[in-house]
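Reader: Could you walk me through this protein? I am new to reading structures.

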Amino acid sequence: MTTDSDWAERFSRQIMLAGIGGNGQRRLGAARVGIAGSGPSARIALLYLAAAGVGLLRGETAPVAATPDAGHALAIQPACRIEPLRLPEDAAHLDLLIDTGESAIDCNRIALQWHLPLLVARFAADGGIRLVGSQAGLDPNLPCAACDAPPCPTHPPHWSTLALPAAGCALASEAIKTLLAIGDPILFSAALLFDPMRAAYQRIHRERNQTCPHCATEFIDITAATCPMTFVLVKLKMETMAPGQRLHVRLNGGEPLTNLPLTLRDEGWPVSPPWHEGEAFGLLTTKLVPSK
Ligand SMILES: [Zn+2]
């Protein structure tokens, strides 16, 4: 049985770090991260996140959990659970999604619809790796992973694989910063290009592409309404939208902010955490057809 003393000793080096401490380490222990892909980047990210004490890691396929790397991760952090990743079913129970570029799953779409932060790694045309983070699932003003994504090369140079370990480490590092809300999460406002042949990193600023079809949102302002008309107006708006479309709702604090997210979730529609919009609030919801 793991005692508090075992736990403190196991993670003592992280607990001593500014910005983590005991509370941060407990947050990592409660965190749930999905990792799409089963190649080297996915295995390395999984290994580092398990070693860091993330409580639940979901890999895209069951064999991920059976790899020697995963076994090593479990040896480092016995409390870590590693389970298969099923999307979109698991999306509602994740805090962060990582797309290592070795998966057929459309992680950008799932992160947008289920309002999840997303970290992505892709081969670049020059053989390097392009790392991108997106909080577009949580904020309609931020770029999604597809807003400015260049086409992936069909046949990247064979030495591109040299970049995969670095990509796995960088994804794990950014995931920890995101989960703990510490440091400067550069991947949420930038792309990071890594050229393994020159051992060079380049940071590129990203902005939302206003015509991007992936992260487009409908909008409704219900600040003039009171409950239950707030929900009625949103429901009428949703009826005009296609499944999968997202709606940006501007609403008042107090009763609307308390009641509307609960009612939307009752309808089976995921809801983002709210944010301040002047004296009002904003939130995102997605029209999804509940699975039978
Ligand atoms: Zn976009």
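Author: We will go through the domains and then the sheets, keeping in mind that this is a predicted model.

Reader: Okay, which domains is the chain divided into?

Author: The protein chain is divided into domain 1, covering 4-205, and domain 2, covering 217-286. Their centres, taken over C-alpha atoms, are separated by 30 Å.

Reader: And how many residues are in contact between them?

Author: Nine residues of domain 1 are in contact with ten residues of domain 2. On the side of domain 1 that touches domain 2, five residues are nonpolar, three are polar and one is charged.

Reader: Switching to the sheets, what is the order in the one with eight strands?

Author: That open sheet has the order E3-E2-E1-E4-E5-E6-E7-E8, and its pairing is mixed.

Reader: Why is one side of E3 and of E8 left without a neighbour in the sheet?

Author: Strand E3 (81-84) and strand E8 (200-205) stand at the edges with a single partner strand each, so one side of each has no neighbour in the sheet. From one strand to the next, the twist averages 20 degrees.

Reader: Which strands does helix H8 lie across?

Author: Helix H8, residues 164-180, lies across E1, E4, E5, strand E6 (129-134) and strand E7 (190-195), and runs at about 15 degrees to E6.

Reader: What about the sheet of four strands, what is its order?

Author: The order there is E9-E10-E12-E11, in an open sheet with mixed pairing, and the edge strands are E9 (217-221) and E11 (275-277). E9 and strand E10 (residues 246-251) run parallel and are joined by five bridges, while isoleucine 220 stands opposite valine 249 in E10.

Notes
Residues numbered from 1 in each chain as written. Predicted model: local features only at pLDDT ≥ 70, side-chain atom pairs only at ≥ 80, totals over all residues. Pairing = 2+ DSSP bridges. Helix = DSSP H or I, 4+ residues; strand = E, 2+ residues; numbered from the N terminus. Domains from an automatic or database assignment. Contact = placed C-beta atoms within 7 Å. Nonpolar A, V, L, I, M, F, W, Y, C, P; charged D, E, K, R; others polar. Axes fitted to C-alpha atoms, helices over the stretch in contact; angles between N-to-C directions.
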